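Student: Could you take me through the helix packing in this model, pair by pair? I'd like the geometry and the residues that do the touching, with cut-offs spelled out.

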Amino acid sequence: MIVMKFGGISIQDSQSIRRVCDIVRDRLPMHPVIVNSAMGKSTRRLLMVAQSAARGDADQAGKTLDTLIDYHRALIQELLPRFSENTLSRQMDLFFHELYQLKDGVAVLRDLTPRSQDKFLAYGELISTSILTSMLQSMDIDAVWCDARKLIITDDRFTQARPMVDITYDKLCETLLPLVDAGKVPVIQGYIGATREGATTTLGFEGSDYSAALVGAALDVEDVQIWKDVPGVMTADPAIYADPLTVKKISFDEAAEITFFGAKVLHPSSIAPARQKGIPVHVLNSKHPEHPGTTLSADGAVSRHPVKSITYKRPVYLLSLRNLQNLPFYDFFKMIFDDLDRERLTPYLVNIAERSVKMVLSTSDNLQHLIDDLDNIAGINIMSNKATVSVIGETLVEYPAIASRIVDSLKDIPMDLISHGASNMNTTLVMDADRVETAIERLHHEFFRDVDPEVFETYHKGN
Ligand code: ADP
Ligand code: MG
């Protein structure tokens, strides 16, 4: 048994949906369970509908919703031209009707609670899985639509809900195993779940990968396959660097570090459930299913090339706090961290000197609150328009020369902060946001000129 998860870009138009269905058909002997994101940019569109409605702009909300519904209708027309009399048609009409009702409700209340936002956003996945199920059925595959709201049971932290693992695993096993045993292909929504009381929840940004790992861990599958529009985890983001390589083997730790420091290719916590059970995870390319992609495993790859990837985060905010009142350092530090906790802000890089603290935050949300709170104890300076660039690799610290190679390659780029990470797996540099491209280009050239073909593979664009 395997889990196959398809992200939004892998199912954004009729051509890519057909491709995904072919990929599933070719893997039927492996007994797949399918986990799907919303199609294309549907989640973002749904959020726009919800936000326009909450602002009281019913017109705009209506238009955006119409566009979204037209997009799905057009896809259905193209993929399943005879769908009008069948179950899919009825299910779609129901979803669209519910969405209009929700929009009207929010527009009247002019209030978008996290709870109603989750209800809104879940339709992206509910719709996409319905279409995919019908599409697979039309190819004579015995696909069964399953409702994640009955299987992934979470707490009530709407928009960032956490699954209750034991009950979720039980429900997934009870429902999905008999289906797979009977030769059926369950299709389940990523990203969404529900509380015990049945209120729809979402698992947070990029939560679909997490759903896939949860399903995989619950069913103890042989493989969790995360299908993307890229060849795997790469040495740099192909969206901003032209010649990255595919990393063929990587450890769970390295992959988590790569995502934590900016590469949105895999959700950091998505790795956890699979990792706990020692289930291998593959990142594969839906445009080239025959490519081996990236294998994630507990031990990864020992290589003569310790650097695995160069990542970036942009924008980030560099916060400098000076101990104005000469408070005992411990008190100063504690106040800052208590405040960060109160504002639910997590710095992802901290640097401490005798009378000051510098930290990097990846969001400006609540930053003003933090400044107001700390105003009388700290001299605060915030630099926006900054970025971090990180060099990642498991055995980095064992190679002292790496740090000097990094600094040498970037001699003429002013640095606000350099940190050799607490995990021993990253060196992170804080710089002006507009220097990222140059920094990545130089570092890539420095560390991936002559690579181990066991671990890295050249990526040919358009290939
Ligand atoms: P999905 O919707 O399938 O989950 P995502 O958009 O979340 O896909 O992740 C794939 C994207 O991650 C790619 O389009 C790519 O631009 C970006 N990305 C950033 N860094 C990397 C990296 N090091 N390797 C691969 N992809 C990366
Ligand atoms: Mg994703």
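Tutor: Here's a walk through the helix pairs, with a short stop at the backbone next door.

First, some bookkeeping: this is a predicted model, where local features need pLDDT of at least 70, side-chain atom pairs count only at pLDDT 80 or more, and totals for chains, interfaces and linings use all residues. Residues are numbered from 1 along each chain as its sequence is written, chains are lettered from A and ligands numbered from 1 in the order in which they are written, and side-chain values use heavy atoms, with hydrogens and water left out.

Two packed helices are described by the angle between their axes and the distance between the axes. Here an axis is a line fitted to C-alpha atoms over the stretch in contact, and angles run from 0 to 180 degrees between N-to-C directions. Helices are DSSP runs (H or I, at least four residues), as are strands (E, at least two), and both are numbered from the N terminus.

Let's start with H4 (residues 87–109) and H5, whose axes sit 11 Å apart at an angle of about 170°. That makes H4 roughly antiparallel to H5, the label for angles over 145 degrees. On the H4 side, the contact (heavy atoms within 4.5 Å) includes Leu88, Met92, Phe95, Phe96 and Leu99. Among their partners in H5 are Phe120, Tyr123, Leu126, Ile127 and Ile131. By class, this contact splits into 12 nonpolar, three polar and three charged residues. Nonpolar covers Ala, Val, Leu, Ile, Met, Phe, Trp, Tyr, Cys and Pro, charged covers Asp, Glu, Lys and Arg, and the others, Gly among them, are polar.

H5 (residues 114–138) also packs with H2 (residues 42–55), at an angle of about 145° and with the axes 9 Å apart. Their crossing is right-handed, meaning the near helix is turned clockwise from the far one by less than a right angle. Thr43, Leu46, Leu47, Val49 and Ala50 of H2 meet H5 residues including Gln117, Leu121 and Gly124. Phe120 and Tyr123 of H5 turn up in both contacts, with H2 and with H4. For H2 with H5, the tally is seven nonpolar, three polar and one charged.

Just past that helix there's a backbone quirk: Asp140, in the loop between H5 and strand S3 (143–146), has a positive phi of about 65° without being a glycine. Most residues other than glycine have a negative phi.

Finally, H12 (residues 401–409) and H13 (residues 436–447) have axes that come within 9 Å and cross at roughly 135°. That makes H12 oblique to H13; oblique is what remains once angles under 35 degrees (roughly parallel), over 145 (roughly antiparallel) and 65 to 115 (roughly perpendicular) are taken out. H12 passes H13 in a right-handed crossing. Ile402, Arg405, Ile406 and Ser409 of H12 touch Arg442, Leu443, Glu446 and Phe447 of H13, giving four nonpolar, one polar and three charged residues.
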